[in-house]
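Reader: I am new to this structure and should like to learn how its features are read. May we take them one at a time?

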Amino acid sequence: MAQLGILQRNELQAQGKYSVELKHVSKSYGETEIYTDLHFQLLRGTFVALVGPIGSGKTTMLNMFAGLERPTSGTILVMGQDITRMPEDALGEFRARTVGLVPQVQTLIPELTVRENVELPLFFAKVDQDDRQRKVDYVLEKVGIRGEAKRMVSTLSVGEKQMVSFARGMVNDPPILLLDEPTEALDPLMAEVILGLLRGDNLTLGRTVFVTTHDRRVTELARKTLRVKKKIP
Amino acid sequence: MSRGVTLQEGQLLARSLNVSKSTHLVVATLAAAVAANAAAAIQLIGLLGQISLLALIFVTLALGTSAISTDIYTRSGQTIANLRSIGASRRSLSSAVFFSVIGYGIAGSALGAGLGAALGVAMGGQGGAVTVVVAVLGVILASSAAAAAGVYAGVRRTWRN
């Protein structure tokens with residue numbers, strides 16, 4: 001069973017509003033227990049890092065926040081909405097509007113261009129064409145890949161794909177940004193670019209950023225660090 | 001399943017799921033082949049034979065298009081998971097495949113039925129012009145409905161699994 005650090009209760013009460021709330025959440029795969037009776041909250045607008053050994057369930061936690069995996073028991077509220085009991089299609093719309101996900105494994109669509117990949121979440125969030133154009137241009141510019149907009153994703157390097165993935169996660173201006181090992185497998189230069197984006201206020205200010213990482217440079221940016229202490233047997 | 005996806009979104013999703021020109025061609029030629037044979041034969045047989053023939057068209061095309069739509073989803077399992085992680089719903093994914101495929105089914109049916117009707121007349125079909133037109137419309141309707149039912153059944157089966 002993994003254990004997590006808990007945010008200070010008085011700090012939570014001072015803010016009063018949470019982006020993510022876990023209420024007695026347990027998660028297991030068959031007989032293997034991943035988390036047992038987790039009960040904590042994340043303040044809106046905070047930058048939280050989750051660290052721990054490989055295979056300790058960090059990605060599972062991230063996926064539960066995104067509604068991609070459901071807990072075995074307990075309740076998860078994201079921006080006040082109970083996602084543990086939300087029907088699948090409603091969950092899809094919720095994700096499109098609320099969560100920006102930058103997964104560790106590349107999930108871009110190789111048959112589409114950079115622009116089309118970044119634009120996809122906006123379709124699912126029912127954003128009209130003019131807004132789509134504006135938002136995609138803005139985020140490509142901010143991430144520094146506007147010049148690559150027409151390239152097919154299949155022709156990009158690992159680092160460039162990570163930038164596109166980051167842009168796709170940010171494009172809908174989500175209140176919650178979930179990043180899974182964002183600097184893993186990147187060369188130092190590309191990792192520095194990602195770190196620069198996380199440092200910069202214009203992309204992360206005002207939103208909850210939850211990141212799983214092994215990278216000390218990322219944890220140093222975080223306001224809080226949660227630790228998964230034990231590896232799953 | 002008719003709502004929830006715009007044309008542009010549908011095209012992007014269909015490309016993401018590898019619904020290619022080859023897929024469209026398979027659907028169109030399958031529908032055309034069945035409709036052509038039926039439209040020719042329907043002019044040469046009695047009422048009972050015509051009803052049996054329309055039922056056969058329906059079953060054949062529905063099975064074929066169901067297999068095609070199932071194949072699209074099973075080939076694209078990882079892509080579907082990726083799209084769902086950024087907000088795609090079952091409805092939008094289903095609609096994208098449905099509308100991407102069904103148009104070619106209808107077009108193939110219409111083309112095949114036209115060719116089959118001409119062939120039936122050339123082979124000495126007994127009906128007048130009105131009868132031929134009614135037969136052609138019946139074949140197009142049956143094959144289009146079959147294609148739609150098949151694609152829909154394939155989608156449903158995939159989500160159930």
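Reader: In which sense do strand 7 and strand 8 of chain A pair, and over how many bridges?

Author: Please bear in mind that this is a predicted model. Strand 7 (residues 176-180) and strand 8 (residues 208-212) of chain A pair in the parallel sense, over 5 bridges. Within strand 8 of chain A, A:Phe210 is the residue that A:Leu178 stands opposite.

Reader: What is the order of the strands in the open sheet of chain A?

Author: The order is 6-7-8-3-9, an open sheet of 5 strands with parallel pairing. Strand 6 (99-102) and strand 9 (224-227) of chain A stand at the edges with a single partner strand each, so one side of each has no neighbour in the sheet. On average, and with direction ignored, neighbouring strands of this sheet are turned by 15° against each other.

Reader: Which helix lies across strand 6 and strand 7 of chain A?

Author: That is helix 6 (residues 158-170) of chain A, which runs at about 170° to strand 6 of chain A.

Reader: Let us turn to chain B. How is the angle between helix 2 and helix 5 of chain B to be read?

Author: Angles under 35 degrees count as roughly parallel. The axes of helix 2 (residues 21-41) and helix 5 (residues 90-122) of chain B cross at roughly 30° and come within 6 Å; these two helices of chain B are therefore roughly parallel to each other. Their crossing is right-handed. The residues of this contact comprise 20 nonpolar, 10 polar and no charged.

Reader: And how does helix 5 of chain B lie against helix 6 of chain B, roughly parallel or roughly antiparallel?

Author: Here the relevant cut-off is that angles over 145 degrees count as roughly antiparallel. The axes of helix 5 and helix 6 (residues 129-160) of chain B come within 8 Å and cross at roughly 155°, which makes helix 5 of chain B roughly antiparallel to helix 6 of chain B. This crossing is right-handed, and its contact residues divide into 20 nonpolar, 6 polar and 1 charged.

Reader: What span does helix 5 of chain B reach from its first C-alpha to its last?

Author: With 33 residues, helix 5 of chain B reaches 47 Å, close to the 48 Å expected at 1.5 Å a residue. Just after this helix, B:Gly124 takes a positive phi of about 95°.

Reader: Finally, how many residues does each chain bring to the contact?

Author: Chain A brings 21 residues and chain B brings 16 residues. On the side of chain A that touches chain B, the elements giving two or more residues are helix 3 (88-98) and helix 4 (114-124) of chain A. Helix 3 of chain A gives the most, with 6 residues. The residues on that side of chain A divide into 12 nonpolar, 2 polar and 7 charged.

Methods
Residues are numbered from 1 along each chain as its sequence is written. Chains are lettered from A and ligands numbered from 1 in the order in which they are written. This is a predicted model: local features need pLDDT of at least 70, side-chain atom pairs count only at pLDDT 80 or more; totals for chains, interfaces and linings use all residues. Axes are lines fitted to C-alpha atoms, for helices over the stretch in contact, and angles run from 0 to 180 degrees between N-to-C directions. Helices (H or I, at least four residues) and strands (E, at least two) are DSSP runs, numbered from the N terminus. Angles under 35 degrees count as roughly parallel, over 145 as roughly antiparallel, 65 to 115 as roughly perpendicular and the rest as oblique. A crossing is left-handed if the near helix is turned anticlockwise from the far one by less than a right angle, and right-handed if clockwise. Ala, Val, Leu, Ile, Met, Phe, Trp, Tyr, Cys and Pro count as nonpolar, Asp, Glu, Lys and Arg as charged, and the others, Gly among them, as polar. The expected span of a helix is 1.5 Å times one less than its number of residues. Two residues are in contact if their C-beta atoms, placed from the backbone, lie within 7 Å. Two strands pair if DSSP finds at least two bridges between them.
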